[in-house]
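Work through the following exercises with the structure open beside you, and try each task before you read its solution.

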Amino acid sequence: MIVVTGATGGLGSQVLKYLLTLVPPSEITVSLHNPAGLPEHLQASGIHVRRGDYGAPETLDAAFAGADKVLIVSYPSIAHELRVRNHVNAIDAAKRAGVRHVYYTSLAFGYGTKPESCAAVMQAHLDTEAYLKKSGLKYTIIREGIYNESYPLYFGFFDPSKDNEVFVPGDGPIAWACREDLGEATARLLALPPSDSRFDNQTILFSGPQANLLTLAQLSTLISNILGREIKLNIVSIDEYVQKHLDPSGQNVRGTEDFLRKWATTFEAMKRGETAIVDPLLGEIVGRPLKTMEQSLREQLSAHGEGVAIEQYAK
Ligand SMILES: NC(=O)c1ccc[n+]([C@@H]2O[C@H](COP(=O)([O-])OP(=O)(O)OC[C@H]3O[C@@H](n4cnc5c(N)ncnc54)[C@H](OP(=O)(O)O)[C@@H]3O)[C@@H](O)[C@H]2O)c1
């Protein structure tokens, strides 16, 4: 039995979609924060649907019961302690349930000989990785590539409906990867037979391909070409970045000074090359060309859905 958490979300829904092509539905359980959020066709697909709230460990005991493998999709929050606590709850519950192998979706800041990061967003992942490694459980930590779809967060919270310029406190290359490719590769890992031990107790990197290694300056050129108007990238100080994006109403989480100062560390990490590591594994596992950033940008910019997407990533 394979248990997938977060299957109503952007990444988890792709994992589930591909997992259903690889293993019988009767061998898949989804552990959901809000089971009603699962689309009807999936409710009726023959998979098991259980409630599992990272904040309520007793629900995880029931949700993970009988599982051989559990995919823990990271909790969508920038609140460090809450995020780590929720991941610890899930790891502890997997241990109580006798799960054979836990997979954790970490993030692609740093890797290999330089696995650490100065990015605030990475710290909860590093703490979770350390806890999982010490748990005694068999694990695979997947440093999932930075989503093509999340580019507005990095590109000065760009809103194509009104912005002609954006302001960021630094630049550096990112090996962008799309959520569908990441979801498919993650599903393929989950579906491997127990005899395949290549990824046991490993930390792996799913990055985008070399062709997707793009700086924000290069993104501004691509976006300007697609939109047919110049979108100017301004590299500014952290103070100016904070001032530009402050929301005095306090209604917008990413408009608070606390969030903006923390998020500014992302750009320092980019400058240091933490997001520039390209690994061929993602392409090898999906066995087909990966989606380019240009394709994703064309789709997102023609859909005009960015306002919604950015809220999703700023929780
Ligand atoms: N790699 C990247 O570039 C990148 C970019 C942005 C974010 N991320 C992070 O990667 C993770 C997955 O991304 P995503 O795009 O799939 O995020 P997402 O679309 O926000 O999905 C998050 C999932 O977590 C579930 N969830 C929320 N609260 C929960 C709880 N208390 N217990 C259990 N599950 C809970 C949600 O369920 P409900 O829908 O029922 O609430 C949803 O299924 C998130 O942590 C996200 O912050 C990664």
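**Exercise 1.** In this predicted model, find how helix α4 and helix α5 are oriented relative to each other, and which residues meet where they pack.

*Solution.* Begin with the geometry: helix α4 covers residues 80–96 and helix α5 covers residues 120–134, and the two pack at an angle of about 25° with their axes 9 Å apart. Angles under 35 degrees count as roughly parallel, and therefore α4 is described as roughly parallel to α5. The next step is the handedness, and the crossing of these two helices is right-handed. Finally, list the residues on each side: α4 contributes H80, R83, V84, H87, V88, I91 and D92, which meet V121, Q123, A124, H125, D127, T128, Y131 and L132 of α5. Sorted by character, the residues of this contact comprise seven nonpolar, five polar and three charged ones.

**Exercise 2.** Decide how strand β5 pairs with strand β6, and whether β6 is largely enclosed or open.

*Solution.* Strand β5 spans residues 101–107, and its pairing with β6 runs in the parallel sense over seven bridges. To follow one of these bridges on the screen, start at V102, whose bridge partner in β6 is Y139. Then turn to burial: β6 spans residues 138–144, and because six of its seven residues are buried, the strand is largely enclosed by the rest of the structure.

**Exercise 3.** Compare the surroundings of F157 and N201 after looking at the phi value of each residue.

*Solution.* Recall first that most residues other than glycine have a negative phi. F157 is not a glycine, and yet its phi is positive, at about 55°. N201 likewise has a positive phi, near 55°, although N201 is a residue other than glycine. Next, locate them: F157 sits in the loop between α6 and β7, while N201 lies in the loop between α7 (179–190) and β9 (202–206). For the last step, note that buried means under 20% relative accessible area; F157, with 8%, is therefore buried, whereas N201, with 41%, is partly exposed.

**Exercise 4.** Which residues does N164 touch, leaving aside those up to four places away in sequence?

*Solution.* Find N164 in the loop between α6 (151–154) and β7 (165–168), where N164 is partly exposed, with a relative accessible area of 45%. Its contacts, once residues up to four places away are set aside, are R229, E230, I231 and K232. Taking E230 as an example, the two residues are 66 residues apart in sequence, while their C-alpha atoms are 6.7 Å apart in space.

Key. Residues are numbered from 1 along each chain as its sequence is written. This is a predicted model: local features need pLDDT of at least 70, side-chain atom pairs count only at pLDDT 80 or more; totals for chains, interfaces and linings use all residues. Side-chain values use heavy atoms; hydrogens and water are left out. Axes are lines fitted to C-alpha atoms, for helices over the stretch in contact, and angles run from 0 to 180 degrees between N-to-C directions. Helices (H or I, at least four residues) and strands (E, at least two) are DSSP runs, numbered from the N terminus. Angles under 35 degrees count as roughly parallel, over 145 as roughly antiparallel, 65 to 115 as roughly perpendicular and the rest as oblique. A crossing is left-handed if the near helix is turned anticlockwise from the far one by less than a right angle, and right-handed if clockwise. Contact means heavy atoms within 4.5 Å. Ala, Val, Leu, Ile, Met, Phe, Trp, Tyr, Cys and Pro count as nonpolar, Asp, Glu, Lys and Arg as charged, and the others, Gly among them, as polar. Buried means under 20% relative accessible area, exposed over 50%, partly exposed in between (1.4 Å probe, protein chains only). Two strands pair if DSSP finds at least two bridges between them.
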